[in-house]
Amino acid sequence: MREPGAAIRVLHVIESLGRGGAERSLVDRVARGDPGRLRHHVVALLSDDALVPELRAAGAAVDVLGGRGRRDLPSLTARLAALIRRVRPDVVHTQLVSADIAGRAAALLGGGVPVVSTLQNMPYDPRAHEVPAGWRGSLIKHADAALGRWTRTRYLAVSEAVRASYRTALGIPAERIEVVYNAVDHAGLAARAAAARARPALRAALGLPPGRRLIVTVARHVPQKGLEFLIDALARPPLVARDVRLALVGTGGLTAALQSRAAERGVGPRVQLLGRREDVVEILAAADVFALPSLYEGLPVALLEALAAGVPAVASDIPEIREVTTAAGARLVPPGDADALARGLAEVLEDPTLAARLAAEGSREVRERFDVVTTTRRFEAVLLAAAQGARRATSE
């Protein structure tokens with residue numbers, strides 16, 4: 001048993017530690033947390049480990065199990081259970097579907113450790129592609145729901161839209177899901193972007209001649225993000241006649257298809273596929289507009305980062321994005337409509353007053369509602385309550 005007042009040990013289980021929104025949120029919360037109250041041990045199921053150095057610099061212990069996908073879940077669960085028995089955490093925190101299933105099962109096998117799960121996206125939404133169709137998807141869904149009941153998991157949804165989706169899909173009682181938004185370091189991002197803009201060679205480093213406008217998006221190359229509509233928008237009026245370049249930061253299964261689509265639409269030379277980058281904030285600082293044409297979201301960290309960096313945004317008019325910003329803070333257009341997207345981007349590019357107004361309001365909204373310090377305190381409070389509740393139950 002822990003000494004009274006000792007720091008709570010949290011074992012975080014996440015699918016990977018690559019550069020995605022869920023991963024970024026977890027790293028920021030660990031880095032911003034109170035080491036006197038919580039000690040963090042992070043376990044990634046898959047081999048992507050780009051964010052491991054940041055976690056270790058923040059004082060967290062890290063294990064990367066190197067799994068290859070859902071087919072490895074049984075062996076990964078067994079390894080997690082052994083790790084739980086060795087580390088003896090006070091609470092297990094899981095994030096993303098495979099980690100939710102493996103982490104909860106391992107918590108049961110490891111001695112009934114309390115579980116808190118962050119619901120990051122909407123994997124069971126009809127528009128989603130995260131869970132396979134047919135019996136495999138049904139099995140994943142039923143395992144997710146059953147393990148949540150058996151472990152009496154407490155849930156944190158990153159948005160009201162995600163909360164509603166999980167309640168419908170898994171039948172989770174409303175009182176067991178609390179909304180704690182994704183968040184970003186607004187002050188840090190704003191300062192880095194301002195410093196980058198002060199460097200005259202910033203745009204030249206991206207191969208941009210004077211007068212050429214730059215649209216940037218930061219997203220995984222997956223169907224959810226609607227990037228094909230952004231490629232199409234570049235080939236539609238009024239953008240087709242403008243001196244505009246599109247830079248896509250990110251990777252994924254659709255990278256080759258996006259490259260082929262750009263060539264087919266006749267805009268290949270105007271599209272840069274930048275892959276994974278360490279200088280995302282600097283690329284955002286060089287942008288004239290940020291685009292996020294997602295078909296659905298959890299709560300988009302990339303959009304929060306762009307707005308915090310002071311970049312005017314054009315994004316899909318979907319409930320998940322309206323939780324981030326109003327129409328006063330971004331130009332919102334119908335999802336899946338390349339013509340509307342082209343018009344929205346052109347309006348922001350051609351009207352400096354509109355662009356400045358959107359950037360200022362979007363930045364204000366992020367600063368006031370999605371501050372990483374505030375949301376980290378709420379996140380920690382839930383973890384502490386789960387661990388302390390288990391301690392009380394054990395002592396009684």
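How many bridges join strand β1 (residues 8–14) to strand β2 (residues 38–46)? Seven bridges join them, and the two strands run parallel. Helices and strands here are DSSP runs numbered from the N terminus, with H or I over at least four residues for a helix and E over at least two for a strand; two strands pair if DSSP finds at least two bridges between them. The model is predicted, so local features need pLDDT of at least 70 and side-chain atom pairs count only at pLDDT 80 or more, while totals for chains, interfaces and linings use all residues. Residues are numbered from 1 along each chain as its sequence is written, and side-chain values use heavy atoms, with hydrogens and water left out.

The pairing of β1 and β2 can be followed residue by residue. Ile8 has Leu38 of β2 as its bridge partner, and Ile14 has Ala44 of β2. Between the two strands the chain passes through helix α1 (residues 21–32), and this β-α-β crossover is right-handed; that is, with the strands pointing away from the viewer, the path from the first strand over the helix to the second runs clockwise. On its other pairing, β2 is joined to β3 by five bridges, again in parallel, and Leu46 stands opposite Gly67 in β3. The chain crosses from β2 to β3 through helix α2 (residues 52–57), and this crossover is also right-handed. Of the nine residues of β2, seven are buried, where buried means under 20% relative accessible area, exposed over 50% and partly exposed in between, with a 1.4 Å probe and protein chains only.

These strands belong to an open sheet of seven strands with parallel pairing, in the order β3-β2-β1-β4-β5-β6-β7. Strands β3 (61–67) and β7 (177–179) stand at the edges with a single partner strand each, so one side of each has no neighbour in the sheet. Neighbouring strands are turned against each other by 20° on average, direction ignored. Helix α4 (residues 97–109) packs on the sheet and touches β1, β2, β4 (91–95), β5 (115–119) and β6 (154–157); contact means heavy atoms within 4.5 Å. The direction of α4 makes about 160° with that of β4. Axes are lines fitted to C-alpha atoms, for helices over the stretch in contact, and angles run from 0 to 180 degrees between N-to-C directions.

Further along the chain is helix α15 (residues 352–369). Its 18 residues should span 26 Å at 1.5 Å a residue, and the end C-alpha atoms are 26 Å apart, which agrees; the expected span is 1.5 Å times one less than the number of residues. Buried in α15 are Leu354, Ala355, Leu358, Ala359, Gly362, Ser363, Glu365 and Val366. They cover an arc of only 160° around the axis, so they lie on the same side of α15. The face turned away carries the exposed residues Thr353, Arg357 and Glu368. The cover over the buried residues includes α7 (186–197), α12 (301–308) and α14 (338–350).

Some backbone details remain. Most residues other than glycine have a negative phi, and most peptide bonds are trans. Arg88, in the loop between α3 (73–87) and β4, has a phi near 55° and is partly exposed at 49% relative accessible area. Arg152 has a positive phi of about 50°; it is found in the loop between α5 (134–150) and β6 and is exposed, at 67%. The peptide bond from Pro237 to Pro238 is cis, with omega near 5°, and Pro238 is in the loop between α9 (227–234) and β9 (244–249).

How values were computed: Arc of directions from axis to C-beta.
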